[in-house]
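Trainee: Could you take me through a close look at one part of this model? I would like to follow how the pieces around it fit together.

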Amino acid sequence: MNYYVIYDGNCNLCVTLVQLLENLDQGNQFRYIPMQDQQTLQQWGITPQDCELGMILINANAPEQRWQGSAAAEEIGRILPFGSIFVDAYRALPGVKWAGDRIYEQIRDNRYTLFGKRPSTYQSVYCADNNCKF
């Protein structure tokens, strides 16, 4: 495991994407922390206000290295096998990254309206400390 993915555990879209990533990665490189787990996030100085700006990716080996929002999504894509090919192409196309950043912001700000809110917070089987709360 090399990275922590901080996601909205109450967002249907966010949880679906985490579950997809769980299936692809099987806990090899990523561990998951819902933004609702403030006790765990405090160890990195992450506040609820920080979480409102989008998902966060933290390098577990160098916690000062972080990505947020669409940059976090791109970095996750880059880390996955063969993902860098697609991320590099996405970044190279004129205007596409700019548009992607705007689309991410709109989805982030309207995620519950667009995709619904879960009745309870999703806890990944690949949690940060291997002491998952079920």
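To start with the cysteines, how many disulfides does the count come to?

Mentor: Happy to help, and please keep in mind that this is a predicted model. The count comes to zero disulfides. Take Cys51, which is in no disulfide: the nearest cysteine sulfur belongs to Cys14 and lies 11 Å away, whereas a pair has to be within 2.5 Å to count. Cys51 counts as buried because its relative accessibility is 2%, and the cut-off is under 20%. Cys11 is buried too, with a relative accessible area of 0%.

Now let's turn to strand 3, the part I'd like to dwell on. Strand 3 covers residues 56–59, and both of its faces are covered. Ile56 and Ile58 are buried on one side, while Leu57 and Asn59 are buried on the other. What pairs with this strand? Strand 1 (residues 3–7) runs antiparallel to strand 3 and is joined to it by four bridges; in that pairing, Ile6 has Ile56 as its bridge partner. Strand 4 (residues 66–68) is also antiparallel to strand 3, with three bridges between them. There, Ile58 stands opposite Arg66. Strand 3 and strand 4 make up a hairpin, and six residues lie between them.

A residue of strand 3 also leads us into helix 4. Leu57 is touched by Glu75, a residue of helix 4. Trp67 and Arg91 are touched by Glu75 as well, once residues up to four places away in sequence are set aside. Is Glu75 buried or exposed? Glu75 is buried, because its relative accessible area is 7% and anything under 20% counts. Its side chain also has a polar partner: the side chain of Arg78, at 2.4 Å.

From helix 4 we can step across to helix 6. Helix 4 (70–79) is among the elements that cover the buried residues of helix 6, as are helix 1 (12–25) and helix 5 (83–92). Those buried residues are Gly100, Asp101, Tyr104, Arg108 and Arg111. A general point helps when reading such a list: an α-helix has 3.6 residues a turn, so residues three or four places apart point the same way.

Helix 6 is also worth following from end to end. A straight helix of 20 residues would span 28 Å, yet helix 6 (residues 96–115) spans only 24 Å between its end C-alpha atoms. If you trace it, you will find a bend of about 65° at Asp109. Just after the helix, Gly116 has a positive phi of about 90°.

Right beside that bend in the sequence comes Arg108, which sits in helix 6. Arg108 counts as buried because its relative accessible area is 18%, with the cut-off at under 20%. Setting aside residues up to four places away in sequence, Arg108 touches Glu52, Leu53 and Gly54. Its C-alpha atom is separated by 14 Å from that of Ile6, although the two residues are 102 apart along the chain. Ile6 is the residue we met as the bridge partner of Ile56, which brings us back to strand 3.

One last stop is Asp37, in the loop between strand 2 (30–34) and helix 2 (38–41). Asp37 is buried, with a relative accessible area of 12%, and its side chain makes a polar contact of 2.7 Å with the side chain of Thr40.

Terms used: Residues are numbered from 1 along each chain as its sequence is written. This is a predicted model: local features need pLDDT of at least 70, side-chain atom pairs count only at pLDDT 80 or more; totals for chains, interfaces and linings use all residues. Side-chain values use heavy atoms; hydrogens and water are left out. Buried means under 20% relative accessible area, exposed over 50%, partly exposed in between (1.4 Å probe, protein chains only). Helices (H or I, at least four residues) and strands (E, at least two) are DSSP runs, numbered from the N terminus. Two strands pair if DSSP finds at least two bridges between them. The expected span of a helix is 1.5 Å times one less than its number of residues. The bend at a residue is the angle between axes fitted to the seven residues ending there and the seven starting there. Contact means heavy atoms within 4.5 Å. A polar contact is a pair of N or O atoms within 3.5 Å; within protein, one must be able to donate a hydrogen and the other to accept it, and residues adjacent in sequence count only if both atoms are side-chain atoms.
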